[in-house]
Amino acid sequence: MAEKASSGQRQTLLGSYIIYPDADSASIASWPQNKELALFILNEPIPNSGCKVFESVWSRSNYRVCVDGGGNRLYDFCKDQGTLDKFVPDVIVGDLDSIQETTRAFYEKKGSRIHFYDDQESTDFMKGFMYLDSEMHHGKDPNSCVIIVFGGLGGRLDHVMHTLKVLFNNHLKRQVYVISESNLTFVIPSGKNRILVNKRADGPKCGILPLAGQTMLTTRGLRWNLTNHPSSFEGLMSTSNIIDDPEIYIETTLPVAWTSLLDMRQYGPGRSGMEAIK
């Protein structure tokens, strides 16, 4: 989640706290207070190490969307955990070329909607956004719904690049966070930004990816900081950097992708760490 900033002010991004807020912190116990939450499950395995994170995000979600083959991934994950009846998505959406018939029949019987799009100009991930905006979150400001995505940054490189493209294309109208087996990734908008870091779970390795074109970067709180330095895909990119401080400051002339290692085993009820966030 991000605090909106007026021109010249710094925007605050909660980073990994968005996916598992501290259960002991009264200030965020009822998160999200002014935003809804949507969970997207893509066609990649849900890591067993992320059980606590997954359960937390699921319990707080207003909308639970399996994107085509993501239904198979949810089914397999829950079957392994013995929780098939506990986690039933609101909808399975896409061109439905990947969903297995047994999975589809199971969730249909449990009450999940099945929504078919025959549009071949958009990917299944994009169809998830289309369905959310037209059916589930219809008539509301897209920015009033945060999206947390499981999957999308593993497997085929073209799929990974498309996931990043969708993040960049959506970053001005909504906040999207992607969780993979060992990373958390989201887009940092242009301007001045502050990321609040949970150092028990985030990093230490991180990167700032200038995928929207050459940008001018200024950073603080990293092992190797930049001061008004050009960064581009063809030139210097801040990869394999290290998080040193619990607050990272990034000023950028173009949006960039922030990615950091994420140890989901560090998350669980009763862990503190949000006391400094007011």
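Biologist: Let's start with charges. How many salt bridges does the structure hold?

Modeller: The general idea is that side chains of opposite charge can pair when their charged atoms come close. This is a predicted model, and the structure holds seven salt bridges.

Biologist: How do I read a single one? Where do Lys140 and Glu36 lie?

Modeller: Begin with the contact itself: the side chains of Lys140 and Glu36 meet in a salt bridge, at 3.3 Å from N to O. Then place the partners. Lys140 lies in the loop between helix H4 (124-136) and strand S7 (145-150), while Glu36 lies in strand S3 (residues 36-41), so the pair ties together parts that are 104 residues apart in sequence.

Biologist: Is Glu36 buried or exposed?

Modeller: Buried means under 20% relative accessible area. Glu36 has 18% relative accessibility, so Glu36 counts as buried. Its partner Lys140 is partly exposed, with a relative accessible area of 42%.

Biologist: What should I make of Glu108 and Arg104, which are four residues apart?

Modeller: Here, look at the helix. Glu108 and Arg104 are both in helix H3 (residues 101-110), and because they are four residues apart, about one helical turn separates them. Their side chains meet in a salt bridge at 3.9 Å, N to O. Glu108 counts as partly exposed at 39% relative accessibility, and Arg104 is partly exposed too, with a relative accessible area of 26%.

Biologist: And Glu247 with Arg194: which strands do they lie in?

Modeller: The side chains of Glu247 and Arg194 meet in a salt bridge of 3.2 Å, N to O. Glu247 lies in strand S15 (residues 247-252) and Arg194 in strand S10 (residues 191-196), so this pair ties together parts that are 53 residues apart in sequence. Glu247 is partly exposed, with a relative accessible area of 27%, and Arg194 is partly exposed at 21%.

Biologist: Now the sheet. What is the order of the strands in the open sheet?

Modeller: Read a sheet from one edge to the other. This open sheet of 10 strands runs S6-S5-S4-S3-S7-S8-S9-S16-S11-S14, with mixed pairing. At its edges are strand S6 (113-116) and strand S14 (238-242), each of which pairs on one side only. Ignoring direction, neighbouring strands of this sheet are turned by 20 degrees against each other on average.

Biologist: In what sense do S5 and S6 pair?

Modeller: Strand S5 (residues 91-94) and S6 pair in the parallel sense, over four bridges. To find one in the viewer, pick Ile92: its bridge partner in S6 is Ile114.

Biologist: Which strands does H1 lie across?

Modeller: For a helix on a sheet, take the strands touched and then the angle. H1 lies across S3, strand S4 (63-67), S7 and strand S8 (176-179), running at about 130 degrees to S3. H2 lies across S3 and S4, at about 110 degrees to S4.

Biologist: And at what angle do H1 and H2 pack?

Modeller: Helix H1 (residues 51-60) and helix H2 (residues 70-81) pack at about 115 degrees, with their axes 13 Å apart. H1 passes H2 in a left-handed crossing.

Biologist: Which residues of H1 and H2 meet there?

Modeller: From H1 come Cys51, Phe54 and Trp58, which meet Leu74, Phe77 and Gln81 of H2. By class, the residues of this contact are five nonpolar, one polar and no charged.

Conventions:
Residues are numbered from 1 along each chain as its sequence is written. This is a predicted model: local features need pLDDT of at least 70, side-chain atom pairs count only at pLDDT 80 or more; totals for chains, interfaces and linings use all residues. Side-chain values use heavy atoms; hydrogens and water are left out. Axes are lines fitted to C-alpha atoms, for helices over the stretch in contact, and angles run from 0 to 180 degrees between N-to-C directions. Helices (H or I, at least four residues) and strands (E, at least two) are DSSP runs, numbered from the N terminus. A crossing is left-handed if the near helix is turned anticlockwise from the far one by less than a right angle, and right-handed if clockwise. Contact means heavy atoms within 4.5 Å. Ala, Val, Leu, Ile, Met, Phe, Trp, Tyr, Cys and Pro count as nonpolar, Asp, Glu, Lys and Arg as charged, and the others, Gly among them, as polar. A salt bridge is a side-chain nitrogen of Lys or Arg within 4 Å of a carboxyl oxygen of Asp or Glu. Buried means under 20% relative accessible area, exposed over 50%, partly exposed in between (1.4 Å probe, protein chains only). Two strands pair if DSSP finds at least two bridges between them.
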